[in-house]
Amino acid sequence: MKREMIKQAIADGQAILGVELGSTRIKAVLIAPDHTPVAQGSHEWENQLVDGIWTYSLEAVWDGLRDAYADLARNVATTYGVRLTRMAAMGFSAMMHGYLVFDKNDELLVPFRTWRNTITEEAAGKLTDLFHYNIPQRWSIAHLYQAILNQEEHVKQIAFQTTLAGYIHWQLTGQKVLGVGEASGMFPIDSGTKNFDRGMVQAFDVLAAEAGMPWTFDEIYPTVLTAGASAGVLTKEGAALLDPTGALEAGIPFCPPEGDAGTGMAATNSVKVRTGNVSAGTSIFAMVVLEQGLKKVHRELDLVTTPAGDPVAMVHCNNCTSDLNAWVSLFKEFADASGIDMDMGQLYGILYNKALEGDADCGGVLAYNYYSGEGVTAFDAGRPLLVRQPDAKFTLANFMRANLYSAAATLKVGLDILLKEEGVKVDSMLGHGGLFKTKGVGQKIMAAAMDAPVAVMETAGEGGAWGIALLAAYMVHGGGMTLDQYLEQRVFAGAEGSVIEPDATDVAGFDAFIEKYVGGLPIERAAVEYYK
């Protein structure tokens, strides 16, 4: 759309807002009626380790949301000369899972426990055995049951449990609801009913009653909605909470809040059977929409759903680019000390592309990117490590390649189970997130990890904020189409992108690296045990 048409669409309230709270950045994206992003806003933030718990304060949540929205509104005013007051729809998304519980007075009972905490091993194991369904440590129900097992005082006072996206949606609309994809990271979903699995709910209620809980599952968990459903409207109180200037008007329709997995599927047109996507940022996960259920229960694989409620197998790893970013920041510090004027984008480009010059197996250089624990490899905590033999080919290229491999290594361990052991078929995989920003590099590394073609679309950099905006657009403009039809025909028709096929030498090199990586996990375990 031309600038004047965009300006008029914004002024007429036809634009749509999507906001996603990622691990390191809160991003707001405004899209035009043709789904094109026309303005953005953002806020940088970081989780805090408080008393051994990874958390974000609710004050940080709202300060960050307001700042990201204000940044968006300023950009709209500067670019189009229009004050942002109303929109056709809004949607909010955030990192999934974790533990947010409130009492009958809507007061937070304990600090937010994020997905990053690996403190629920006992509960996750017992629930997996009870349900015959993998319950990862980061899932909300694992956190709840662990708190019960720990006999934490607050548990009997719980009146509502939700996720970060669900909490924000509740505060802005008054509605205690979740999109089905987000809900599938709290508790198992029955894809037939598109709702929490009733048999498992009943089994959990027995556990809760035996522990003396005064509530039932249905009393404290949110209502589940599928993509396209109406999920309430922005209240006057919500408008004031998000935009203290008073410009934002109440009454804007909301789509169901979704998690970053679901918005990643929407943003990459990966909601059809045999499609998949890889999201690589602070954490990394890959998802494949299944034709049928898996043969076995695998602790390395999550079963979640698309925003429409279809079953998805997911490999989720807590660690991806944090250690990479730390190394790049170190090189930036060196550049600054040397008087070299170079921005971070240039530096990432140089270092990532240098990795492509390295040996396919990294020349004997081995890296572990574990800032925190990893469920796939059974670690409760992590220590970033760089290991090499004295005669390793320790070059800049091999150093960078090893760190890029490390970012995807644990994911590959899980994907090998899904693709090789379970024999799941994938027609297309699309990549998005920070690892793919440097053109071609992350894509080539991921193709080697998966031994499958990996595509990146021009819109992939917009990420989950764009994905939740698309889900909001589907709610108001879907017109009876299924979600995959809407994305295929209305959003991605004619979309351009690039596909990189796996290189046989890279595949063999990554396999050799993984063999050393898995064999060297006791080194990482020793570091966790002895480096306090």
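**Exercise 1. Phe92 and its ring partner**

Task: In this predicted model, decide whether Phe92 is buried or exposed, then classify its ring pair with Phe254.

Solution.
- Step 1. Take the relative accessible area of Phe92: 0%. Buried means under 20%, so Phe92 is buried.
- Step 2. Do likewise for Phe254. Its relative accessible area is 0%, so this residue is buried too.
- Step 3. Search the whole structure for aromatic pairs. The search finds 30. In one of them, the ring centres of Phe92 and Phe254 are 5.7 Å apart, with the planes at 10°. Planes under 30 degrees apart count as stacked, so this pair is stacked.
- Step 4. Place the two residues. Phe92 belongs to strand β6 (residues 89-94), and Phe254 to the loop between α9 (236-242) and β13 (258-259). The pair therefore ties together parts that are 162 residues apart in sequence.

**Exercise 2. A tilted pair**

Task: Find the geometry of the pair Phe187 and Phe217, and say which parts of the chain the pair ties together.

Solution.
- Step 1. The centre-to-centre distance is 4.6 Å and the angle between the planes is 55°. This aromatic pair is tilted.
- Step 2. Phe187 sits in the loop between α6 (180-183) and β10 (189-190). Phe217 is in helix α8 (residues 217-220). The pair thus ties together parts that are 30 residues apart in sequence.
- Step 3. Check burial. Phe187 has a relative accessible area of 0% and is buried. Phe217, at 1%, counts as buried.
- Step 4. Widen the view. Ring pairs link Phe187 and Phe217 into a cluster with Phe131, Tyr145, Phe196, Phe204 and Tyr221.

**Exercise 3. Charges over rings**

Task: Which ring does the charged end of Lys176 sit over, and which face does Lys412 lie over?

Solution.
- Step 1. The charged end of Lys176 is over the ring of Phe160, 4.7 Å from its centre.
- Step 2. Lys412 lies over the face of Phe510, with 5.9 Å to the ring centre.

**Exercise 4. The nonpolar cores**

Task: Describe the largest nonpolar core and the other core that lies apart from it.

Solution.
- Step 1. The largest core has 73 residues. Leu144, Phe187, Phe204 and Trp215 have the most contacts inside it.
- Step 2. Helix α15 (residues 463-477) gives the most to this core: 10 residues.
- Step 3. List what Leu144 touches, leaving out residues up to four places away in sequence. The list is Tyr99, Ile158, Gln161, Phe204, Trp215, Ile220 and Tyr221.
- Step 4. Apart from the largest core lies another, of 60 residues. Its members include Leu351, Val365, Ala408 and Phe436.
- Step 5. Set this in context. In soluble globular proteins, nonpolar side chains tend to be buried together.

**Exercise 5. An open sheet and helix α1**

Task: Give the strand order of the open sheet, then find what the buried residues of α1 pack against.

Solution.
- Step 1. The sheet has 5 strands, ordered β3-β2-β1-β6-β13, with mixed pairing.
- Step 2. β3 (37-44) and β13 each pair on one side only, as edge strands.
- Step 3. Look at β1 (residues 16-21) and β2 (residues 25-31). These strands are antiparallel and pair over 6 bridges. Val19 has Ala28 as its bridge partner in β2.
- Step 4. Turn to helix α1 (residues 3-11). Its buried residues are Ile6, Ala9 and Ile10. Down the axis of α1, they fall within an arc of 100°, so they line one face of the helix.
- Step 5. The buried residues of α1 pack against β2, β3 and α2 (58-80).
- Step 6. Gly13 follows α1, with a positive phi near 75°.

**Exercise 6. Ala147 and its contacts**

Task: Where does Ala147 lie, and which residues is it in contact with?

Solution.
- Step 1. Ala147 is part of helix α4 (residues 140-149). At 0% relative accessibility, this residue counts as buried.
- Step 2. Leave aside neighbours within four places in sequence. Ala147 is then in contact with Tyr99, Arg113, Glu152, His154 and Val155.

**Exercise 7. Positive phi**

Task: Where are Asp51 and Asp451 found, and what is the phi of Asp51 and of Asp451?

Solution.
- Step 1. Recall the background. Most residues other than glycine have a negative phi.
- Step 2. Asp51 is not a glycine, yet its phi is positive, about 50°. Asp51 is in the loop between β4 (48-50) and β5 (53-55). At 76% relative accessibility, Asp51 counts as exposed.
- Step 3. Asp451 also has a positive phi of about 50° without being a glycine. Its place is the loop between α14 (441-450) and β21 (454-457).

How values were computed. Residues numbered from 1 in each chain as written. Predicted model: local features only at pLDDT ≥ 70, side-chain atom pairs only at ≥ 80, totals over all residues. Heavy atoms only, no water. Phe/Tyr/Trp six-rings, centres within 6.5 Å; stacked < 30°, edge-to-face > 60°. Helix = DSSP H or I, 4+ residues; strand = E, 2+ residues; numbered from the N terminus. Buried < 20%, exposed > 50% of the residue type's maximum accessible area, 1.4 Å probe, protein only. Lys NZ or Arg CZ within 6 Å of the ring centre and 35° of its normal. Core = buried A, V, L, I, M, F, W, Y, C linked by side-chain atoms within 4.5 Å. Contact = heavy atoms within 4.5 Å. Pairing = 2+ DSSP bridges. Arc of directions from axis to C-beta.
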